[in-house]
Amino acid sequence: LEFRRVLFRSMSDCSLASQIDAVVERIGADLGASSPSLANQVLRWIRSISPGGEPAAHFLDVRMFPILELPDFVLESLSAAPDERFHRSLISSTVHGYYSIRLIDGIVDGDRNFDLERKILPVAGYFLSEFQLGYQEHFSAEHEFWQVFRRLWTASAASTAEDAMQRAIGFSEFERVSSRKFSAAGIPVAATCHHYGRADLLPAWLELVDGLGRWSQMLDDILDWHQDKSVDGATYFLSEGERQRRREESLEEWILREGCDWGFDLLNEWMKRMQESSVRLGSPGLMKYLAGRKAWAAEQHLTLRKGLAELARLAGILGQATRASTSLSTGTTIT
(Lines give C-alpha, C1' and ligand atoms only; values in the text may rest on other atoms or scores of the structure.)
Protein backbone atom coordinates (compact mmCIF):
# COMPACT_ATOMS: atom_id res chain seq x y z
CA LEU A 1 0.00 0.00 0.00
CA GLU A 2 1.22 3.49 -0.86
CA PHE A 3 0.62 5.95 1.96
CA ARG A 4 2.64 8.91 0.75
CA ARG A 5 1.18 11.95 -0.96
CA VAL A 6 1.96 15.65 -1.00
CA LEU A 7 -0.38 17.90 0.94
CA PHE A 8 -0.17 21.65 0.41
CA ARG A 9 -2.00 22.89 3.48
CA SER A 10 -2.19 26.57 2.51
CA MET A 11 -1.02 29.14 -0.02
CA SER A 12 1.91 29.90 2.30
CA ASP A 13 3.26 26.47 1.39
CA CYS A 14 3.92 27.81 -2.12
CA SER A 15 6.23 30.46 -0.65
CA LEU A 16 7.85 27.86 1.59
CA ALA A 17 8.43 25.60 -1.42
CA SER A 18 10.24 28.41 -3.22
CA GLN A 19 12.50 28.99 -0.22
CA ILE A 20 13.30 25.26 0.04
CA ASP A 21 14.21 25.16 -3.65
CA ALA A 22 16.48 28.18 -3.13
CA VAL A 23 18.31 26.44 -0.27
CA VAL A 24 18.86 23.31 -2.37
CA GLU A 25 20.11 25.44 -5.25
CA ARG A 26 22.62 27.08 -2.88
CA ILE A 27 23.76 23.64 -1.69
CA GLY A 28 24.58 22.78 -5.28
CA ALA A 29 26.40 26.08 -5.79
CA ASP A 30 28.41 25.79 -2.55
CA LEU A 31 29.58 22.26 -3.26
CA GLY A 32 29.97 22.89 -6.97
CA ALA A 33 32.48 25.66 -6.32
CA SER A 34 34.87 23.02 -4.93
CA SER A 35 33.75 19.85 -6.69
CA PRO A 36 31.11 19.86 -9.47
CA SER A 37 31.03 16.06 -9.54
CA LEU A 38 30.34 15.90 -5.77
CA ALA A 39 27.65 18.56 -6.11
CA ASN A 40 25.95 16.49 -8.81
CA GLN A 41 26.04 13.38 -6.62
CA VAL A 42 24.60 15.22 -3.60
CA LEU A 43 21.83 16.79 -5.67
CA ARG A 44 21.07 13.37 -7.14
CA TRP A 45 20.75 11.98 -3.61
CA ILE A 46 18.48 14.85 -2.55
CA ARG A 47 16.21 14.20 -5.53
CA SER A 48 16.24 10.44 -4.89
CA ILE A 49 14.74 10.87 -1.38
CA SER A 50 12.14 13.41 -2.58
CA PRO A 51 8.71 12.48 -3.99
CA GLY A 52 8.83 13.06 -7.74
CA GLY A 53 12.40 14.29 -7.34
CA GLU A 54 11.17 17.58 -5.86
CA PRO A 55 12.88 18.63 -2.58
CA ALA A 56 10.00 20.93 -1.60
CA ALA A 57 7.56 18.05 -2.02
CA HIS A 58 9.65 16.07 0.44
CA PHE A 59 9.42 18.68 3.19
CA LEU A 60 5.71 19.29 2.53
CA ASP A 61 4.81 15.61 2.33
CA VAL A 62 1.86 14.75 4.56
CA ARG A 63 3.97 12.30 6.58
CA MET A 64 6.87 14.70 7.07
CA PHE A 65 7.38 16.08 10.57
CA PRO A 66 6.55 19.85 10.37
CA ILE A 67 10.09 21.01 11.12
CA LEU A 68 9.78 24.04 8.86
CA GLU A 69 6.29 25.07 9.98
CA LEU A 70 6.78 24.92 13.76
CA PRO A 71 8.52 28.33 14.06
CA ASP A 72 5.61 29.90 12.14
CA PHE A 73 3.16 28.36 14.59
CA VAL A 74 5.12 29.88 17.47
CA LEU A 75 5.27 33.30 15.79
CA GLU A 76 1.54 33.19 15.12
CA SER A 77 0.84 32.62 18.81
CA LEU A 78 2.90 35.71 19.68
CA SER A 79 1.09 38.07 17.30
CA ALA A 80 4.48 39.69 16.64
CA ALA A 81 5.74 41.26 13.42
CA PRO A 82 7.85 38.63 11.63
CA ASP A 83 11.58 39.11 11.19
CA GLU A 84 11.88 37.84 7.61
CA ARG A 85 15.68 37.56 7.69
CA PHE A 86 15.54 35.47 10.84
CA HIS A 87 12.94 33.08 9.41
CA ARG A 88 14.88 32.67 6.15
CA SER A 89 17.88 31.69 8.28
CA LEU A 90 15.74 29.14 10.14
CA ILE A 91 14.55 27.54 6.92
CA SER A 92 18.08 27.28 5.51
CA SER A 93 19.47 25.95 8.80
CA THR A 94 16.70 23.38 9.21
CA VAL A 95 16.98 22.06 5.65
CA HIS A 96 20.74 21.57 6.08
CA GLY A 97 20.25 19.99 9.50
CA TYR A 98 17.65 17.59 8.16
CA TYR A 99 19.88 16.46 5.30
CA SER A 100 22.75 15.76 7.71
CA ILE A 101 20.50 13.56 9.86
CA ARG A 102 18.90 11.84 6.88
CA LEU A 103 22.28 11.07 5.30
CA ILE A 104 23.63 9.46 8.47
CA ASP A 105 20.35 7.58 9.11
CA GLY A 106 20.40 6.19 5.59
CA ILE A 107 23.82 4.67 6.13
CA VAL A 108 22.92 3.30 9.57
CA ASP A 109 19.71 1.76 8.19
CA GLY A 110 21.38 0.47 5.01
CA ASP A 111 18.61 1.80 2.80
CA ARG A 112 18.35 1.62 -0.98
CA ASN A 113 20.62 4.66 -1.44
CA PHE A 114 23.39 3.15 0.72
CA ASP A 115 26.12 3.09 -1.95
CA LEU A 116 25.54 6.72 -2.93
CA GLU A 117 25.18 7.83 0.70
CA ARG A 118 28.43 6.14 1.64
CA LYS A 119 30.25 8.03 -1.11
CA ILE A 120 28.92 11.43 -0.11
CA LEU A 121 29.04 10.90 3.68
CA PRO A 122 31.74 13.59 4.26
CA VAL A 123 29.18 16.16 3.08
CA ALA A 124 27.41 15.62 6.41
CA GLY A 125 30.09 17.90 7.88
CA TYR A 126 29.11 20.67 5.47
CA PHE A 127 25.42 20.21 6.28
CA LEU A 128 26.13 20.38 10.02
CA SER A 129 28.23 23.53 9.76
CA GLU A 130 25.52 25.30 7.74
CA PHE A 131 22.92 24.11 10.26
CA GLN A 132 24.78 25.74 13.14
CA LEU A 133 25.84 28.87 11.23
CA GLY A 134 22.20 29.75 10.74
CA TYR A 135 21.91 30.32 14.48
CA GLN A 136 25.31 31.93 14.97
CA GLU A 137 24.10 34.83 12.83
CA HIS A 138 21.42 35.66 15.40
CA PHE A 139 22.71 34.52 18.81
CA SER A 140 25.98 35.46 20.49
CA ALA A 141 28.20 32.72 21.90
CA GLU A 142 27.07 33.61 25.45
CA HIS A 143 23.34 33.52 24.69
CA GLU A 144 21.30 31.05 26.75
CA PHE A 145 19.81 29.66 23.52
CA TRP A 146 22.97 27.60 23.03
CA GLN A 147 22.33 25.63 26.20
CA VAL A 148 18.98 24.53 24.78
CA PHE A 149 20.58 23.87 21.39
CA ARG A 150 23.18 21.57 22.90
CA ARG A 151 20.67 19.71 25.06
CA LEU A 152 18.20 19.05 22.23
CA TRP A 153 20.83 18.18 19.62
CA THR A 154 22.54 15.74 22.00
CA ALA A 155 19.21 14.14 22.97
CA SER A 156 18.25 13.64 19.34
CA ALA A 157 21.59 12.09 18.39
CA ALA A 158 21.73 9.83 21.46
CA SER A 159 18.13 8.64 21.00
CA THR A 160 18.68 7.85 17.32
CA ALA A 161 21.78 5.81 18.08
CA GLU A 162 20.19 3.95 21.02
CA ASP A 163 17.01 3.24 19.06
CA ALA A 164 19.02 1.54 16.31
CA MET A 165 20.48 -0.88 18.90
CA GLN A 166 17.20 -1.94 20.52
CA ARG A 167 15.72 -5.37 19.82
CA ALA A 168 12.55 -5.25 21.94
CA ILE A 169 10.81 -1.99 22.82
CA GLY A 170 8.35 -1.38 25.64
CA PHE A 171 6.43 1.84 26.17
CA SER A 172 9.05 3.29 28.52
CA GLU A 173 11.77 2.72 25.92
CA PHE A 174 9.54 4.09 23.18
CA GLU A 175 8.79 7.26 25.13
CA ARG A 176 12.34 7.74 26.40
CA VAL A 177 14.22 6.77 23.22
CA SER A 178 12.30 6.15 19.99
CA SER A 179 9.99 9.17 20.07
CA ARG A 180 12.80 11.49 21.25
CA LYS A 181 14.58 11.14 17.91
CA PHE A 182 12.58 14.25 16.95
CA SER A 183 14.08 16.34 19.77
CA ALA A 184 16.18 18.38 17.33
CA ALA A 185 12.94 19.76 15.88
CA GLY A 186 12.70 21.78 19.08
CA ILE A 187 15.83 23.78 18.18
CA PRO A 188 14.17 26.18 15.69
CA VAL A 189 11.24 26.44 18.12
CA ALA A 190 13.63 27.43 20.92
CA ALA A 191 15.35 29.91 18.60
CA THR A 192 12.00 31.53 17.79
CA CYS A 193 10.99 31.86 21.43
CA HIS A 194 14.36 33.40 22.34
CA HIS A 195 14.51 35.68 19.29
CA TYR A 196 11.16 37.24 20.13
CA GLY A 197 11.89 37.48 23.85
CA ARG A 198 9.45 34.78 24.99
CA ALA A 199 11.71 32.09 26.44
CA ASP A 200 9.04 31.62 29.10
CA LEU A 201 6.86 29.86 26.50
CA LEU A 202 9.55 27.34 25.55
CA PRO A 203 8.65 24.51 28.00
CA ALA A 204 5.07 24.32 26.69
CA TRP A 205 6.21 24.34 23.06
CA LEU A 206 8.87 21.71 23.65
CA GLU A 207 6.24 19.53 25.33
CA LEU A 208 4.18 19.87 22.14
CA VAL A 209 7.20 18.91 20.03
CA ASP A 210 7.75 15.80 22.18
CA GLY A 211 4.08 14.85 21.85
CA LEU A 212 4.13 15.32 18.11
CA GLY A 213 7.32 13.27 17.88
CA ARG A 214 5.70 10.44 19.84
CA TRP A 215 2.59 10.56 17.65
CA SER A 216 4.54 10.73 14.38
CA GLN A 217 6.87 7.87 15.31
CA MET A 218 3.95 5.63 16.29
CA LEU A 219 2.08 6.39 13.08
CA ASP A 220 5.16 5.55 11.02
CA ASP A 221 5.63 2.31 12.98
CA ILE A 222 2.05 1.26 12.27
CA LEU A 223 1.99 2.18 8.58
CA ASP A 224 5.44 0.68 7.92
CA TRP A 225 4.99 -2.45 10.04
CA HIS A 226 5.40 -4.88 7.13
CA GLN A 227 8.60 -3.24 5.89
CA ASP A 228 10.02 -3.09 9.42
CA LYS A 229 9.20 -6.75 9.97
CA SER A 230 10.81 -7.77 6.66
CA VAL A 231 14.16 -6.31 7.74
CA ASP A 232 13.82 -7.55 11.32
CA GLY A 233 13.43 -4.01 12.60
CA ALA A 234 12.46 -3.36 16.19
CA THR A 235 9.58 -0.95 16.83
CA TYR A 236 7.21 -0.43 19.72
CA PHE A 237 4.26 -1.54 17.56
CA LEU A 238 5.90 -4.83 16.50
CA SER A 239 7.24 -5.47 20.00
CA GLU A 240 3.79 -4.93 21.49
CA GLY A 241 2.35 -7.32 18.90
CA GLU A 242 4.74 -10.04 20.03
CA ARG A 243 3.66 -9.46 23.64
CA GLN A 244 -0.09 -9.28 22.98
CA ARG A 245 -0.66 -11.94 20.33
CA ARG A 246 -2.12 -15.29 21.31
CA ARG A 247 0.16 -18.28 21.47
CA GLU A 248 -1.24 -19.84 18.29
CA GLU A 249 -1.58 -16.50 16.55
CA SER A 250 0.82 -14.93 14.07
CA LEU A 251 1.81 -11.28 14.25
CA GLU A 252 -0.21 -10.59 11.10
CA GLU A 253 -3.29 -12.17 12.67
CA TRP A 254 -2.88 -10.03 15.80
CA ILE A 255 -2.65 -6.88 13.71
CA LEU A 256 -5.86 -7.81 11.88
CA ARG A 257 -7.72 -8.90 15.02
CA GLU A 258 -6.86 -5.96 17.26
CA GLY A 259 -3.38 -4.55 16.69
CA CYS A 260 -4.37 -2.06 14.01
CA ASP A 261 -7.24 -0.67 16.06
CA TRP A 262 -5.13 -0.69 19.24
CA GLY A 263 -2.46 1.41 17.58
CA PHE A 264 -4.85 3.96 16.12
CA ASP A 265 -6.77 4.22 19.39
CA LEU A 266 -3.48 5.17 21.04
CA LEU A 267 -2.83 7.75 18.34
CA ASN A 268 -6.29 9.27 18.86
CA GLU A 269 -5.67 9.54 22.60
CA TRP A 270 -2.35 11.31 22.05
CA MET A 271 -3.84 13.56 19.38
CA LYS A 272 -6.58 14.67 21.76
CA ARG A 273 -3.94 15.80 24.25
CA MET A 274 -2.02 17.70 21.57
CA GLN A 275 -5.15 19.44 20.35
CA GLU A 276 -5.93 20.51 23.89
CA SER A 277 -2.38 21.87 24.18
CA SER A 278 -2.70 23.70 20.86
CA VAL A 279 -5.67 25.65 22.22
CA ARG A 280 -3.60 26.78 25.21
CA LEU A 281 -0.66 27.68 22.96
CA GLY A 282 -2.93 29.90 20.88
CA SER A 283 -1.82 29.03 17.35
CA PRO A 284 -4.67 28.64 14.82
CA GLY A 285 -2.15 27.28 12.32
CA LEU A 286 -1.13 24.52 14.71
CA MET A 287 -4.78 23.69 15.40
CA LYS A 288 -5.46 23.43 11.66
CA TYR A 289 -2.37 21.31 11.12
CA LEU A 290 -3.30 18.85 13.88
CA ALA A 291 -6.87 18.58 12.61
CA GLY A 292 -5.55 17.75 9.15
CA ARG A 293 -3.17 15.15 10.51
CA LYS A 294 -5.93 13.55 12.54
CA ALA A 295 -8.22 13.32 9.51
CA TRP A 296 -5.44 11.90 7.34
CA ALA A 297 -4.55 9.29 9.96
CA ALA A 298 -8.22 8.25 10.11
CA GLU A 299 -8.14 7.67 6.34
CA GLN A 300 -5.04 5.52 6.69
CA HIS A 301 -6.72 3.51 9.45
CA LEU A 302 -9.59 2.63 7.14
CA THR A 303 -7.26 1.88 4.24
CA LEU A 304 -5.06 -0.36 6.37
CA ARG A 305 -8.06 -2.20 7.78
CA LYS A 306 -9.40 -2.88 4.29
CA GLY A 307 -5.99 -4.04 3.08
CA LEU A 308 -5.54 -6.40 6.03
CA ALA A 309 -9.06 -7.81 5.58
CA GLU A 310 -8.35 -8.51 1.92
CA LEU A 311 -5.09 -10.24 2.79
CA ALA A 312 -6.95 -12.38 5.33
CA ARG A 313 -9.58 -13.29 2.73
CA LEU A 314 -6.91 -14.30 0.20
CA ALA A 315 -5.06 -16.29 2.88
CA GLY A 316 -8.30 -18.11 3.68
CA ILE A 317 -8.86 -18.98 0.02
CA LEU A 318 -5.27 -20.17 -0.30
CA GLY A 319 -5.60 -22.27 2.84
CA GLN A 320 -8.84 -23.84 1.58
CA ALA A 321 -7.23 -24.62 -1.79
CA THR A 322 -4.23 -26.19 -0.07
CA ARG A 323 -6.47 -28.40 2.08
CA ALA A 324 -8.49 -29.43 -0.97
CA SER A 325 -5.32 -30.33 -2.87
CA THR A 326 -4.09 -32.37 0.07
CA SER A 327 -7.37 -34.24 0.36
CA LEU A 328 -7.34 -35.13 -3.35
CA SER A 329 -3.85 -36.51 -3.11
CA THR A 330 -4.74 -38.62 -0.09
CA GLY A 331 -8.24 -39.57 -1.15
CA THR A 332 -9.79 -37.84 1.88
CA THR A 333 -13.23 -36.22 1.58
CA ILE A 334 -13.64 -32.66 2.88
CA THR A 335 -17.05 -31.76 4.30
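**Close-up views of a predicted helical model**

**View 1. Ile49 sits in a loop and is tucked out of reach.** With a relative accessibility of 8%, Ile49 counts as buried. This is a predicted model, and here we zoom in on the loop between helix H2 (36-48) and helix H3 (55-59), which is where Ile49 lies. So who keeps Ile49 company? If you skip residues up to four places away in sequence, Ile49 touches His58, Tyr99, Arg102 and Asn113. Take Arg102: it is 53 residues from Ile49 along the chain, yet their C-alpha atoms are separated by 9.3 Å.

**View 2. The whole chain, for orientation.** Count the helices and you get 15, while the strand count is zero. Buried residues account for 46% of the 335 residues in the chain. Now take the contacts between residues at least 6 apart in sequence: 71% of them join residues at least 24 apart. The accessible surface adds up to about 16,900 Å², and 54% of that belongs to carbon and sulfur atoms.

**View 3. Ser278 is a buried residue in helix H14.** Helix H14 covers residues 251-281, and Ser278 is part of it. Is Ser278 buried or exposed? Ser278 counts as buried because its relative accessible area is 2%, and the cut-off for buried is under 20%. The Ser278 side chain reaches the backbone oxygen of Gln275 at 2.7 Å. Leaving out neighbours within four places in sequence, Ser278 is in contact with Ser283, Leu286, Met287 and Leu290.

**View 4. Helix H13 packs against other helices.** Helix H13 runs over residues 236-244, and its buried residues are Tyr236, Phe237, Leu238, Ser239, Glu240 and Gly241. Which helices do these buried residues pack against? They pack against helix H9 (171-176), helix H11 (202-223), helix H12 (225-230) and H14.

**View 5. Salt bridges link parts of the chain.** The whole structure has 16 salt bridges, and here are some of them. Glu162 pairs up with Arg176 in a salt bridge, with the closest N and O atoms 3.0 Å apart. This pair links distant parts of the chain, with Glu162 in helix H8 (residues 145-165) and Arg176 in helix H9, 14 residues apart. Glu162 is partly exposed at 29% relative accessible area, and Arg176 is partly exposed at 49%.

Next, look for the salt bridge between the side chains of Asp232 and Arg167 (3.4 Å, N to O). Asp232 is in the loop between H12 and H13, and Arg167 is in the loop between H8 and H9, 65 residues apart. Asp232 counts as exposed at 57% relative accessibility, and so does Arg167 at 51%.

Glu252 and Lys229 also form a salt bridge, their closest N and O atoms being 3.3 Å apart. That one links Glu252 in helix H14 to Lys229 in helix H12, 23 residues apart. Both count as partly exposed: Glu252 at 31% relative accessibility and Lys229 at 37%. Finally, Arg26, Asp30 and Glu130 are linked in a network of salt bridges.

**View 6. Ile104, Val108 and Leu121 make a nonpolar surface patch.** The patch measures about 240 Å². Val108 is in helix H5 (residues 84-109), and it counts as exposed because its relative accessibility is 53%.

**View 7. Two buried cysteines, Cys193 and Cys260.** Cys193 is buried at 0% relative accessibility, and Cys260 is buried with a relative accessible area of 0%. How many disulfides does the structure hold? Zero.

Conventions. Residues are numbered from 1 along each chain as its sequence is written. This is a predicted model: local features need pLDDT of at least 70, side-chain atom pairs count only at pLDDT 80 or more; totals for chains, interfaces and linings use all residues. Side-chain values use heavy atoms; hydrogens and water are left out. Helices (H or I, at least four residues) and strands (E, at least two) are DSSP runs, numbered from the N terminus. Buried means under 20% relative accessible area, exposed over 50%, partly exposed in between (1.4 Å probe, protein chains only). A polar contact is a pair of N or O atoms within 3.5 Å; within protein, one must be able to donate a hydrogen and the other to accept it, and residues adjacent in sequence count only if both atoms are side-chain atoms. Contact means heavy atoms within 4.5 Å. Accessible areas come from the Shrake-Rupley method with a 1.4 Å probe; for residues, only the protein chains shown count as cover. Patches are made of residues with over 30% relative accessible area and no salt bridge: like charges are joined within 9 Å, nonpolar side chains (Val, Leu, Ile, Met, Phe, Trp, Tyr) within 5 Å. A salt bridge is a side-chain nitrogen of Lys or Arg within 4 Å of a carboxyl oxygen of Asp or Glu. A disulfide is a pair of cysteine sulfur atoms within 2.5 Å.
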